[in-house]
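Student: Got a minute to go through this one with me? I'd like to start with the cysteines.
Tutor: Sure, put it up.
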Amino acid sequence: MTTYITTPIYYVNAQPHLGHAYTTIVADTYSRFRRLMGDTVRFQTGTDEHGDKIAEAAEKENESPNEYVDRISAMFRSTWPLLDIEPDNFIRTTDKKHVETVQSILQKVYDKGDIYFDKYTGLYCTGCERFLTEKELEDGRCPDHKTVPDEITEENYFFRMSAYQQDLIDHIHANPDFITPQRYKNEVLSFLSEPLEDLCISRPTSRLTWGIPLPFDDKFVTYVWFDALINYLTGLGYPDAEQFEEYWGVAEHLIAKDILKPHAIYWPTMILSMGLPLYQKLHVHGYWNVDETKMSKSIGNVIRPAELIEEYGVDTIRYFCLREMSFGLDSSFNADAIIARKNADLANDLGNLYSRTTAMLFKYTDGVVPKASKTDTDTLLKDFADVASANYIENMNDFKFQRALQAVWELISHANKYIVSNEPWALIKDPTQHERLHTVLYNLVETLRLLSLLLQPILPGTCDKMAKGLGLAEDSPLVTDLKEYGGWGMLESGTRLEKVDALFPRVDIKKKQPPVKQEQKKKNKGKSVASKKGAECVDGVIQFDQFQKVELRVATIAAAETVKKSDRLLKLTVNAPEERVIVAGIAEYYRPEDLLGMQVLIVANLQPVKLMGIESQGMVLAAKVEEDGNSRLVLSTVSATVPAGSSVA
Ligand code: MSP
């Protein structure tokens, strides 16, 4: 099978930001995934370099358009490797080959009679580089750029878009997955339910010279969208290159909703006029917002990918983007959420599973993958792995990255629980249990192998490291071929592991806080211990009567929820036996749904305090576990179910 996936070609009037990075990360992830599935893949991105916007930006920078576009295009090109994004082709609309192809297509469409000359008055938005219809405006302004469009009357060339309206509607109905998610298909169909106007595809050179001259009238240059969309063909060497033959039939375009109309209406009608088969799929995602507003250069609220990588690491950013955004919907950017994901999902769940498992192998089997017992009937992890892989594949194919990752994290969570419930540290002590120990360890290390295969498209650097640690080469089919090696039991016993560093060092949230907050914390700390309570303790020793003052009870967790704007806190409603609310700093280690019904130990007679506006009536106890330079909290519980509110003696 073959895959051809494209991103939009980005305007060079702005430097790359997280919005551009997101689309390109998605395309890279999808390419890597299709490669894992055995496909021959071509992934194309690039830059869109003609038009009013670019000419204006160059002028502002006191550069010639050529110098300017070379400089900014190079910035896009050099950003992608920082994110481990590896396109097969980087196209520029100023490439000679692209210019020639656009001109030959224009001539073809003109000769066919689909381009005509006419007068036109319309509302032009420079930001969008297109005429807007009255219906598209919000309070007379462009909904994306918030600017009032200019009314322009011009003689221009027009593309007979309306002639292909019905063919396009029929195609969308006959191919339900042509535009996904469905909400965007519906949006396009609703737009197509009104008569389409023809598309103005030229700009007079009296107004704009920075464009591709029309081959049939040199007093005009090509409208930037008619030029830009053709990149998807020029990148394949259309019309006669082998790559065109190989890839055009499977083309999938990836965009955000801002450019739905050019991709779902202009482009297919252009393709129909050229007499080519339509692209296969248009995948449309939502916006990254900052404080409810789309991240964009014109608004000035952009986040730079290079800064994020520097702060959190490339795989954390890739993971965060794919895990946090539900494909198709908008998402709010929040740096705290990156830290929470890194600490909880990457360092705690995945990182700990990896370090605990490999540490046990080094300790119990001298770092060699043991043989699983042939007679042991424990298929628990295999069964979970089968389900996780199947869900992962289905969701990755559907661009539902969030769900694909949830499926993988289910497996990670089961594997972590499997360690606790099988207690390998107890099995090693009993020689009659060594065969069982080997099976448990094999199941765990094979899970790690599958994880480094499944997560490769999302966390390429980390997976290479995991593979190395498992004694496998980066390009070993065991970690690069999901089709042949996605099943269970492929890792050979006898394979020797290699020691590697922790996968994800935790972000110390305290260090991340601004100095003022730290100062406040210190002050409060002093107060609560020394002056409020007046605890007299010498060298850390307290008297029994002092300890007796602390009222410890068993509480049953009846409800748990996250606390808005906090990555650390969970709001617990417990019965002890009366109902009370306790705010606990355990959000990085526990998911609310996993806590329901759990019996924990609480300090019941603490002075209530307000945390993030919620009154906390007590404190839960937890063990602080230090491992591999990381620390985490494990809640203290009771060894059998007891009535809620039982006192702890
Ligand atoms: N040059 C045109 C595209 C021509 S394609 C034939 C263009 N360029 S752009 O630089 O404005 O890029 C728009 C694309 O960048 C979006 O469709 C999306 O892929 C990405 N994003 C830019 N800002 C974004 C967000 N705030 N959120 C998500 N994606 C964003 O339009």
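Student: C463 first. Is C463 buried or exposed?
Tutor: Buried, at 2% relative accessibility. Keep in mind that this is a predicted model.
Student: Which cysteine sulfur is closest to the one in C463?
Tutor: That of C321, 17 Å away. A disulfide needs the two sulfurs within 2.5 Å, so C463 and C321 are too far apart for a bond.
Student: How many disulfides turn up in the whole structure?
Tutor: Zero. C200 is in none either; its nearest cysteine sulfur belongs to C125, 15 Å away.
Student: And C200, buried or exposed?
Tutor: Buried, with a relative accessible area of 4%.
Student: New topic, the ligand. Which residues come nearest?
Tutor: I9, T23, D48, D258 and W288, out of 24 around the ligand.
Student: What polar contact does the T23 side chain make?
Tutor: One of its N or O atoms is 2.6 Å from a ligand oxygen. Backbone atoms take part too. A polar one in Y11 sits 3.0 Å from a ligand oxygen. In M295, a backbone N or O atom is 2.9 Å from a ligand nitrogen.
Student: How much of the ligand does the protein bury?
Tutor: 95% of the 670 Å² that the ligand exposes when taken alone.
Student: Which elements give two or more residues to the shell?
Tutor: β1 (2–11), α1 (18–36), α7 (224–229) and α8 (231–234). β1 gives the most, with four residues.
Student: What's the mix of nonpolar, polar and charged in that shell?
Tutor: 13 nonpolar, eight polar and three charged.

Technical notes
Residues numbered from 1 in each chain as written. Predicted model: local features only at pLDDT ≥ 70, side-chain atom pairs only at ≥ 80, totals over all residues. Heavy atoms only, no water. Buried < 20%, exposed > 50% of the residue type's maximum accessible area, 1.4 Å probe, protein only. Near = heavy atom within 4 Å. Polar contact = N/O pair within 3.5 Å; in protein donor to acceptor, adjacent residues only side chain to side chain. Areas by Shrake-Rupley, 256 points an atom, 1.4 Å probe, with all protein chains shown as cover. Nonpolar A, V, L, I, M, F, W, Y, C, P; charged D, E, K, R; others polar.
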